[in-house]
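Reader: I have a structure open in front of me, and I would like to learn how to read it with care. Could we go through it one feature at a time?

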Amino acid sequence: MFYTQEEAAVLGGFLSSYLNRGSASGLVREELARFQVGLEQGCLQKAELLWAEQTLLALKPFWWEEWEDHRALMSALLKTQALLRADK
């Protein structure tokens with residue numbers, strides 16, 4: 001089980017729109033870049049999935065106000081959590 005193209009696009013686009021800015025720390029942008037490479041190549045490691053889960057949960061308040069398709073983000077979060085459970 002892995003992300004569909006649609007899930008990857010929603011997840012990558014949302015995270016990039018919030019984290020790929022000058023106001024984000026260098027470490028956050030590095031983690032985002034590492035996550036995006038793994039997402040594109042279909043080879044995310046457990047640490048990257050944990051980062052994505054934590055980041056989605058931290059940004060969750062923004063889903064409802066600024067992101068029009070919060071159901072797609074919730075689906076991506078649930079899929080991330082399922083991938084983490086499957087990795088155990």
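Author: What follows is a conversation about the overall fold, one helix packing, the salt bridges and a few single residues.

Author: Before we begin, please keep in mind that this is a predicted model, in which local features need pLDDT of at least 70 and side-chain atom pairs count only at pLDDT 80 or more, while totals for chains, interfaces and linings use all residues. Residues are numbered from 1 along each chain as its sequence is written, and side-chain values use heavy atoms, with hydrogens and water left out.

Reader: Which helices and strands make up the secondary structure of the protein?

Author: Helices are DSSP runs of H or I with at least four residues, strands are runs of E with at least two, and both are numbered from the N terminus. Here the protein has four helices and zero strands, so that the pattern along the sequence reads α-α-α-α.

Reader: How much of the protein is made up of buried residues?

Author: A residue is called buried when its relative accessible area is under 20%, exposed when it is over 50%, and partly exposed in between, using a 1.4 Å probe and protein chains only. Of the 88 residues in this protein, 40% are buried.

Reader: And what share of the contacts joins residues at least 24 apart in sequence?

Author: A contact means heavy atoms within 4.5 Å. If we take the contacts between residues at least 6 apart in sequence, 64% of them join residues at least 24 apart.

Reader: How should I describe two helices that pack together?

Author: Two packed helices are described by the angle between their axes and the distance between the axes. The axes are lines fitted to C-alpha atoms, for helices over the stretch in contact, and the angles run from 0 to 180 degrees between N-to-C directions. In this model, the axes of helix H1 (residues 5–19) and helix H4 (residues 70–86) come within 9 Å and cross at roughly 100°. Angles under 35 degrees count as roughly parallel, over 145 as roughly antiparallel, 65 to 115 as roughly perpendicular and the rest as oblique, and H1 and H4 are therefore roughly perpendicular to each other. On the side of H1, the contact is made by Glu7, Val10, Leu11 and Phe14, and on the side of H4 by Ala72, Leu73, Ser75, Ala76, Lys79 and Thr80.

Reader: How many of the residues in the contact of H1 with H4 are nonpolar, polar or charged?

Author: For this sorting, Ala, Val, Leu, Ile, Met, Phe, Trp, Tyr, Cys and Pro count as nonpolar, Asp, Glu, Lys and Arg as charged, and the others, Gly among them, as polar. The residues where H1 meets H4 divide into six nonpolar, two polar and two charged.

Reader: How many salt bridges does a search of the whole structure find?

Author: A salt bridge is a side-chain nitrogen of Lys or Arg within 4 Å of a carboxyl oxygen of Asp or Glu, and the search of the whole structure finds two. One of them joins Glu7 and Lys79, whose closest N and O atoms are 2.9 Å apart. This pair links distant parts of the chain, with Glu7 in helix H1 and Lys79 in helix H4, 72 residues apart. Glu7 counts as buried because its relative accessibility is 14%, and Lys79 counts as buried because its value is 13%. Arg34 forms a salt bridge with Glu31, the closest N and O atoms being 3.2 Å apart. Both Arg34 and Glu31 lie in helix H2, three residues apart, about one turn of the helix. Arg34, at 42% relative accessibility, counts as partly exposed, and so does Glu31, at 23%.

Reader: Which residues does Leu11 touch, and is Leu11 buried or exposed?

Author: Leu11 lies in helix H1 and is buried, with a relative accessible area of 0%. Not counting residues up to four places away in sequence, Leu11 touches Tyr3, Phe35, Leu56, Ala76 and Thr80. Leu11 and Leu73 are 62 residues apart in sequence, and their C-alpha atoms are 6.7 Å apart in space.

Reader: What can be said of Phe35 and Thr80, which were both in that list?

Author: Phe35 is placed in helix H2 (residues 26–41) and counts as buried at 0% relative accessibility. Beyond four places in sequence, Phe35 touches Leu11, Leu15, Leu44, Glu48, Trp51 and Ala52. Thr80 is placed in helix H4 and also counts as buried, at 0% relative accessibility. Leaving aside neighbours within four places in sequence, Thr80 is in contact with Tyr3, Leu11, Leu49, Ala52, Glu53 and Leu56.
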